[in-house]
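This report is for a reader who has not met the structure before. The sequence and the model come first, and the description comes after them.

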Amino acid sequence: EIVWQGAAMQRVMAQLDRVAASETRVCILGETGTGKELVARTIHERSGRASGAFVTLNCAAVPAELIESELFGHEKGSFTGAAGRHIGKFEQANHGTIFLDEIGDMPLAMQAKLLRVLEEGEVERIGGDKPVSVDVRVVVATHRDLEARVRGDKFRQDLFHRIYVFPLVLPPLRERREDIPALVGHFAGQVSAQNGWKPIPFTAEAMAALQSHAWPGNVRELRNMVERLMLLATDGQVDLETVELALPKGGSSGVAASSTFSSGALAERVDAFEREVILAELKRSHSNVSLAAKSLGLERSHLYKKAEQLGIDLRAMRREQESTPE
């Protein structure tokens with residue numbers, strides 16, 4: 001369920017309603033944690049393919065050597081470890097929708113094969129001897145600047161034109177602060193239902209403090225924070241003191257006010273932004289990678305990969321933390 005109240009998301013939802021009923025390929029753009037998969041699922045559910053499957057693949061989370069098998073499948077014995085036939089994501093999504101998240105991180109060699117599928121509507125399993133026709137709507141998403149990656153020869157221009165038909169830009173949470181009360185209420189209801197708790201209200205002062213925070217992790221971070229606040233709540237409510245205790249130090253400015261990503265190309269700013277968010281979370285978790293990954297809503301392995309891409313030496317940070325006297 002997409003929760004919103006303000007004008008920023010009203011514009012997004014109007015565009016979503018316009019494109020959902022078509023067969024147009026959609027490219028969802030936005031920072032990490034803004035809800036790109038939720039929007040993709042909503043597009044599917046409001047389309048003529050709603051009775052079909054909605055199949056997802058995070059292109060950044062699958063090793064380069066496995067992504068072809070994940071997308072197109074393989075036949076038994078086609079490579080070491082292929083003990084049986086595997087049906088790929090495209091075949092699983094036949095007559096439905098496939099959502100390719102973080103398409104900007106797809107390896108170049110795989111981009112060429114994806115382009116062929118989009119052009120011909122056929123996939124070939126690894127080790128297969130004939131193509132398989134598929135009828136699939138493709139929705140993609142990325143937090144990267146695809147046009148900059150095309151200019152840097154990191155993304156194929158022909159594939160870019162195939163997927164970038166209808167761009168849908170999701171605003172970060174700091175640009176839709178008017179939606180925060182509705183989101184908090186929604187998440188609080190979810191947490192209460194999951195745990196069998198009575199409703200826990202948020203005071204007006206607590207809500208104002210949440211609205212003033214930068215939320216570098218966007219809606220995903222807010223959801224985790226709501227659960228944390230409800231666990232910390234005293235006297236049956238979440239008050240300002242509880243929020244100030246739980247929020248990262250730095251107050252309303254947060255990471256979003258940093259000057260390190262106030263200039264340069266979008267891709268460079270996004271990388272700088274992600275680097276600061278990860279470093280800040282690692283500092284708060286005392287270099288505990290598992291805790292930092294959980295707080296950021298990432299798999300531990302994904303955080304290691306992301307840190308490597310951004311030039312963050314996790315092992316050095318951990319050694320430094322271990323050598324620092326209490």
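The text below goes through a sheet, the helices packed on it, one loop residue and some further helices.

**The sheet**

The model is predicted. It contains an open sheet of five strands, paired in parallel and ordered S2-S5-S8-S1-S9. Strand S2 (54–58) and strand S9 (166–169) form the edges, each pairing on one side only. On average, and with direction ignored, neighbouring strands of this sheet are turned by 20 degrees against each other.

Strand S8 (residues 137–142) pairs in the parallel sense with strand S1 (residues 26–29) over four bridges. S5 and S8 are also a parallel pair, again with four bridges. The table lists bridge partners and facing residues along S8.

| Residue | Opposite residue in S8 |
|---|---|
| Val26 | Val139 |
| Leu29 | Thr142 |
| Leu100 | Val140 |

How many of the six residues of S8 are buried? Six of its six residues are, so the strand is mostly covered, where buried means under 20% relative accessible area. In a regular strand, side chains alternate between the two faces of the sheet. In S8, Arg137, Val139 and Ala141 lie on one side, while Val138, Val140 and Thr142 lie on the other. Both of these faces are covered.

**Helices on the sheet**

S1 and S8, joined by four bridges, are also touched by a helix. Helix H1 (residues 7–20) packs on the sheet, with S1, S8 and S9 as the strands touched. The direction of H1 makes about 150 degrees with that of S9. Helix H2 (residues 36–45) packs on the sheet as well, touching S1, S2, strand S5 (97–101), S8 and S9. Its direction and that of S1 make an angle of about 155 degrees.

Lys36, Val39, Ala40, Thr42, Ile43 and His44 are the buried residues of H2. These residues pack against H1 as well as S1, S2, S5, S8 and S9.

**A loop residue**

Where is Arg25 placed? Arg25 sits in the loop between H1 and S1. Its relative accessible area is 21%, and Arg25 is therefore partly exposed. Arg25 and Val139 are 114 residues apart in sequence, yet their C-alpha atoms are 5.7 Å apart in space. Apart from its neighbours within four places in sequence, Arg25 has contacts with Leu118, Val138, Arg162, Ile163, Val165 and Phe166.

**Further helices**

Helix H8 (residues 180–195) consists of 16 residues. From first C-alpha to last, H8 reaches 22 Å, close to the 22 Å expected at 1.5 Å a residue. Its buried residues include Ile180, Leu183, Val184, Phe187 and Val191. An α-helix has 3.6 residues a turn, so residues three or four places apart point the same way. The buried residues of H8 pack against helix H9 (204–212) and helix H10 (218–232). Gly196 follows H8 and has a positive phi, near 70 degrees.

Two packed helices are described by the angle between their axes and the distance between the axes. For helix H13 (residues 289–296) and helix H14 (residues 300–309), the axes come within 9 Å and cross at roughly 95 degrees. H13 is therefore roughly perpendicular to H14. On the H13 side, the contact is made by Val289, Ser290, Ala292, Ala293 and Leu296. On the H14 side, Arg300, Leu303 and Tyr304 take part. The residues of this contact divide into six nonpolar, one polar and one charged.

Methods. Residues numbered from 1 in each chain as written. Predicted model: local features only at pLDDT ≥ 70, side-chain atom pairs only at ≥ 80, totals over all residues. Heavy atoms only, no water. Pairing = 2+ DSSP bridges. Helix = DSSP H or I, 4+ residues; strand = E, 2+ residues; numbered from the N terminus. Axes fitted to C-alpha atoms, helices over the stretch in contact; angles between N-to-C directions. Contact = heavy atoms within 4.5 Å. Buried < 20%, exposed > 50% of the residue type's maximum accessible area, 1.4 Å probe, protein only. Parallel < 35°, antiparallel > 145°, perpendicular 65-115°, else oblique. Nonpolar A, V, L, I, M, F, W, Y, C, P; charged D, E, K, R; others polar. Expected span 1.5 Å × (residues − 1).
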